[in-house]
Amino acid sequence: MLRAVRRRRIALAVPVVVLALAGCGSGGPTDEQLVARAVTAFGRATAAKDYRTLCDRILAPSLIAEVTSIGLPCEKALQRGLGSVRSPRLTLGAVTVGGDTATAEVRTAAANQAPSRDTLRLERVHGSWRVASLAQ
């Protein structure tokens, strides 16, 4: 009788352990979380006017090519375009990932400017998510 009770407990415990382990996954962040981190880093670097970080780590090569098409290096072009923006704020909304591209809905605001809703497009570049367009 005691053995039957133990077997039943083991039989009931195994599915619970399997389900618990299945929920753990590999422990690494999802693509959605990585995209959210990239967008948050974009917002922080923009607010800090850290154009070097934007150019070196956050913007996709395709967007850098667009930004530098005016004949200035990336940092100078961003400084010209964003330099007068005061107290920018970015709030992240829904994130959608499809393969090597993603979109992130954001609300942006800055001093003396009307708030807006935008969609950032991101692309995976060498394993990390980069901002490929500033608004759609």
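1. Helix α2 (residues 31–47) packs against helix α3 (residues 51–58) in this predicted model. Their axes lie 8 Å apart, at an angle of about 155°. Angles over 145 degrees count as roughly antiparallel, so α2 is roughly antiparallel to α3. The crossing of the two helices is left-handed.

2. Which residues make the contact between α2 and α3? From α2 come A38, A41, F42, A45 and T46. From α3 come T53, L54 and I58. By class, six residues in this contact are nonpolar and two are polar. No charged residue takes part.

3. The loop between α2 and α3 holds K49. Its backbone deserves a look. Phi of K49 is near 55°, a positive value, and the residue is not a glycine. The relative accessible area of K49 is 29%. Partly exposed covers the range between 20% and 50%, so K49 is partly exposed.

4. A second residue belongs with this point. N112 sits in the loop between β2 (101–110) and β3 (113–125). Phi of N112 is near 60°, again positive in a residue other than glycine. Is N112 buried or exposed? With a relative accessible area of 85%, N112 is exposed, because the cut-off for that term is over 50%.

5. Now the sheet. Four strands form an open sheet in the order β1-β2-β3-β4, and the pairing is antiparallel. β1 (89–98) and β4 (128–133) are the edge strands, each pairing on one side only. From one strand to the next, the twist averages 30°.

6. In general, strands of a sheet pair through backbone hydrogen bonds, in either a parallel or an antiparallel way. Here β1 and β2 take the antiparallel sense, over eight bridges. One pair can be checked directly: V97 has A102 of β2 as its bridge partner.

7. How does the helical part meet the sheet? α2 packs on the sheet and touches β1, β2, β3 and β4. The direction of α2 makes about 150° with that of β1.

8. To sum up, α2 has two sets of partners to inspect. One is α3, at about 155° with the axes 8 Å apart. The other is the sheet, where α2 touches β1, β2, β3 and β4. For the loops, the residues to view are K49, between α2 and α3, and N112, between β2 and β3.

Note on methods: Residues are numbered from 1 along each chain as its sequence is written. This is a predicted model: local features need pLDDT of at least 70, side-chain atom pairs count only at pLDDT 80 or more; totals for chains, interfaces and linings use all residues. Side-chain values use heavy atoms; hydrogens and water are left out. Axes are lines fitted to C-alpha atoms, for helices over the stretch in contact, and angles run from 0 to 180 degrees between N-to-C directions. Angles under 35 degrees count as roughly parallel, over 145 as roughly antiparallel, 65 to 115 as roughly perpendicular and the rest as oblique. A crossing is left-handed if the near helix is turned anticlockwise from the far one by less than a right angle, and right-handed if clockwise. Contact means heavy atoms within 4.5 Å. Ala, Val, Leu, Ile, Met, Phe, Trp, Tyr, Cys and Pro count as nonpolar, Asp, Glu, Lys and Arg as charged, and the others, Gly among them, as polar. Buried means under 20% relative accessible area, exposed over 50%, partly exposed in between (1.4 Å probe, protein chains only). Two strands pair if DSSP finds at least two bridges between them.
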